[in-house]
Every structure is written in structure tokens, then in C-alpha cells.
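Hi everyone, thanks for making time. I'd like to walk you through one structure today, so let me put it on the screen.

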Amino acid sequence: MSFQAYLDNIQTKTGKTPDQFRQWGLDRGFSTAEGLADGVKAGAIVTALKDEFSLGHGHAMAIVALLKGKNS
């Protein structure tokens, strides 16, 4: 599955666009405009995404990649 397909599936499941997840990461202090915030571990983001959006591990890791700066 391509990265874009992951993002499309996530949007279908959550109703959130990649830009909305970027804002989510900023709002929670997980990320900055340049990537992940200092000291933030992927596991913390994955746990939050699973709790808030019921995402599986693979889909949550796609959002981590997005927050690190991977383009959709």
C-alpha cells in the first residue's frame, strides 16, 4: 500500500485530512513546522492516535511519518 493510500484510508476512517493531522500534532506539542518536536518519541504519538482516533499501528505510523515531514 502506498503512503497516499494510507492517508486516504485514514481520512475515510477519521474524516481528518493530512493538514488537520499536522495541526493536531502541532496542537499537542508532538511536532513543529520542521518535524517532530525535540524528545518526542513515535510511540507516544502512536498511543495518542490509537486512543483518539482508533487507528491501527500501521496507520498511526503513517501519521508519524507525516509529522516528521513526509509529503502526501
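Let's start with a cut-off: a residue counts as buried when its relative accessible area is under 20%. Trp24 comes out at 5% relative accessibility, so Trp24 is buried. Please keep in mind that this is a predicted model.

Now, what does Trp24 pair with? One partner is Phe21, also buried. Both sit in helix H2, three residues apart, or about one turn of the helix. Their ring centres are 6.4 Å apart and the planes meet at 70°, so this pair is edge-to-face. Trp24 also forms an aromatic pair with Phe30, and that one is tilted, with 5.4 Å centre to centre and 45° between the planes. Phe30 has 13% relative accessibility, so it counts as buried too. Searching the whole structure gives four aromatic pairs, and Phe21, Trp24, Phe30 and Phe53 make up one aromatic cluster.

Over to helix H1, residues 3–14. Its twelve residues reach 16 Å from first C-alpha to last, close to the 16 Å expected at 1.5 Å a residue. Which residues of H1 are buried? They are Phe3, Leu7 and Ile10. These cover an arc of only 60° around the axis, which puts them on the same side of H1. That buried set packs against helix H2 (18–27) and helix H4 (57–68). On the other side of H1, you'll find Thr12 and Lys13 exposed.

Two last details for you. Just after H1, Gly15 adopts a positive phi of about 80°. And back at Phe3, Lys70 lies over the face of the ring, 5.0 Å from its centre.

Terms used. Residues numbered from 1 in each chain as written. Predicted model: local features only at pLDDT ≥ 70, side-chain atom pairs only at ≥ 80, totals over all residues. Heavy atoms only, no water. Helix = DSSP H or I, 4+ residues; strand = E, 2+ residues; numbered from the N terminus. Expected span 1.5 Å × (residues − 1). Buried < 20%, exposed > 50% of the residue type's maximum accessible area, 1.4 Å probe, protein only. Arc of directions from axis to C-beta. Contact = heavy atoms within 4.5 Å. Phe/Tyr/Trp six-rings, centres within 6.5 Å; stacked < 30°, edge-to-face > 60°. Lys NZ or Arg CZ within 6 Å of the ring centre and 35° of its normal.
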